[in-house]
Every structure is written in structure tokens, then in C-alpha cells.
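Me: Can you walk me through this one? I'd like to start at one helix and work outwards.

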Amino acid sequence: MDIALEDVHKILLSVTLGALIGAERAYRSKAAGLRTMTLITLSATLFTIYSVKLSANASLPPVVIASIVSGIGFLGAGVIYKEEKSVSGLTTAALIWLCAAIGVGIGAGYYGAALTAFLIATSVLVGFFYLEDWIERLNQIRTYRIVSTFEADIDKKMALLFKECKLHPSKGKQSRSVDRYIGEWSVQGSEKRHRKLVRLLLDDQNIEEFDY
């Protein structure tokens, strides 16, 4: 049976939208990039086209769509990974779901909904990136690990240091020996104030090392 012209349009549209979303992920060097997002959108479109064409009753397309959702869930979970103090890949996992949803919408002929979702998603990816960057400059939390020569009033010294930088500290794990102090502090404040703290730590001769 010859392929319908409408199906060609659906396939081309799904490839285009998936590639545009994937290009943004590739630009940011994310795990699932151009090829992955394109293939996800394309495959979701194809499955939906097949389910509609092969369906002898109204119940089959929803069943196939539910299977797509389940399969995509496993794929999305694969790009989420935990680093030392954070979780990465959540946005990419959400985009995998979205690409599948766009593909299903295109395959089912709901072009308006699919295109609207694509436009909103790209606006969020581009616009919210700069908004997140602005928020992070305004307020961020860093966990500092500070290694210093031990002093009797080391806790007071650290508290005064954070106060001078107008930062809000929360004491974490502390370790002390005869001549060494190792402390972890969760510190909240603007990027500018964190930079000031880093300069003061670098200038302090008693600070042996620190990281965050």
C-alpha cells in the first residue's frame, strides 16, 4: 500500500520538531541530544500512525499510546543520574516525555496542539535558561569544605567571615585534630558575596585549602 501524503507530512514535521529540541540539548552538551530527541519524536509518531491505521476498533490507539508512555518512562530514567550533591538530567528526561507527546500528537493529527507544545517548550528552554541564570546570580547555595589550621575560636572566626560577606551559613560536618580543622558549611547568598568570601579565604594564611 502506498504511503499517504499526510503521513509523509507527519513524519517530516515530527523529525523537524524533534531535531530542533534535540539541537538545544546538544548545544548544552546533554546526554540525550539531536539524534536521540529526533528518533524519539519520529518513533512516537510512527507508532501512533500504525495504531490508527491497524486499529479495527477504537480501543487500540489508546493502548498503543499507553505503551509509548511506559517505554519512554524507562528511557527518561536512563538519563537521570545523581552526582555528589545534586541530581542531573531531569530536564532532559522531561523533554524525552515531551518529544514523545509531540510525536503522538502529530501521528494522531493534532497538529495545533503539537506545535503549540513545541513553541511553549522552546520558549521555556531558551527564556527560562536566562531566568535561572539570573536567579542563581541573585541567590545560590554552596557547600564549602574548609581546611584550616586549628584555632580555639575557629567557629567564631568562620561565623564572622560569613557575616562580613553578608552570607547565611548553616554548619555541617565538623572535624578537628590537634592542629587541623576541617569544616563543611552550607552557605546561601548572591554570587557576588560568594566571590568576596572566596577572596577572603584565599587571602587567609591559616586556610590550607577549601572547595565548594
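Reply: Sure. This is a predicted model. Let's start just past helix H1: the residue that follows is Ser29, and its phi is positive, near 55°.

Me: Where does Ser29 sit, then?

Reply: Ser29 is in the loop between H1 and H2.

Me: Is Ser29 buried or exposed?

Reply: Exposed. Its relative accessibility is 67%, and the cut-off for exposed is over 50%.

Me: Why point out the sign of phi?

Reply: Because most residues other than glycine have a negative phi. Ser29 is a residue other than glycine, and its value is positive.

Me: Which other residue has a positive phi, near 60°?

Reply: Lys166. Lys166 lies in the loop between H6 and strand E4, residues 168-176. With a relative accessible area of 54%, Lys166 is exposed.

Me: Back to H1. What span should its 23 residues have?

Reply: H1 covers residues 5-27, and at 1.5 Å a residue it should span 33 Å. The end C-alpha atoms are 33 Å apart, which agrees.

Me: Which residues of H1 are buried?

Reply: They are Asp7, Lys10, Ser14, Leu17, Gly18, Ile21, Gly22, Glu24 and Arg25. Note that Asp7, Lys10, Glu24 and Arg25 are on that list.

Me: What covers them?

Reply: The cover includes helix H2 (34-54), helix H4 (90-107) and helix H5 (111-138).

Me: And Leu12, buried or exposed?

Reply: Leu12 is in H1 too. At 52% relative accessibility, Leu12 counts as exposed.

Me: How far is Leu12 from Gln174?

Reply: Their C-alpha atoms are separated by 59 Å. Along the chain, the two are 162 residues apart.

Me: You mentioned H5. At what angle do H1 and H5 pack?

Reply: About 10°, with the axes 11 Å apart. That makes H1 roughly parallel to H5, because angles under 35 degrees count that way.

Me: Which residues touch there?

Reply: From H1 you have Glu6, Lys10, Leu13, Leu17, Leu20, Ile21, Glu24 and Arg25. From H5 you have Tyr111, Leu115, Phe118 and Leu125. By class, the contact of H1 with H5 has 8 nonpolar, no polar and 4 charged residues.

Me: New topic. How do H2 and H4 pack?

Reply: At an angle of about 35°, with axes 7 Å apart. Their crossing is right-handed. On the H2 side, the contact uses Met37, Ile40, Thr41, Ala44, Thr45, Thr48 and Ile49. Among the H4 residues are Leu95, Ile96, Cys99, Ala100 and Gly103.

Me: How many of those contact residues are charged?

Reply: None. The contact of H2 with H4 divides into 11 nonpolar, 6 polar and no charged residues.

Me: One last pair: how do H6 and H7 cross?

Reply: H6 is residues 154-164 and H7 is residues 191-203. Their axes come within 9 Å and cross at roughly 140°. H6 and H7 are therefore oblique to each other. The crossing is right-handed.

Me: Which residues meet between H6 and H7?

Reply: Leu161, Phe162 and Glu164 in H6 meet Lys196, Leu197, Leu200 and Leu201 in H7. That contact has 5 nonpolar, no polar and 2 charged residues.

Notes: Residues numbered from 1 in each chain as written. Predicted model: local features only at pLDDT ≥ 70, side-chain atom pairs only at ≥ 80, totals over all residues. Heavy atoms only, no water. Axes fitted to C-alpha atoms, helices over the stretch in contact; angles between N-to-C directions. Helix = DSSP H or I, 4+ residues; strand = E, 2+ residues; numbered from the N terminus. Parallel < 35°, antiparallel > 145°, perpendicular 65-115°, else oblique. Left-handed = near helix turned anticlockwise from the far one by under 90°. Contact = heavy atoms within 4.5 Å. Nonpolar A, V, L, I, M, F, W, Y, C, P; charged D, E, K, R; others polar. Expected span 1.5 Å × (residues − 1). Buried < 20%, exposed > 50% of the residue type's maximum accessible area, 1.4 Å probe, protein only.
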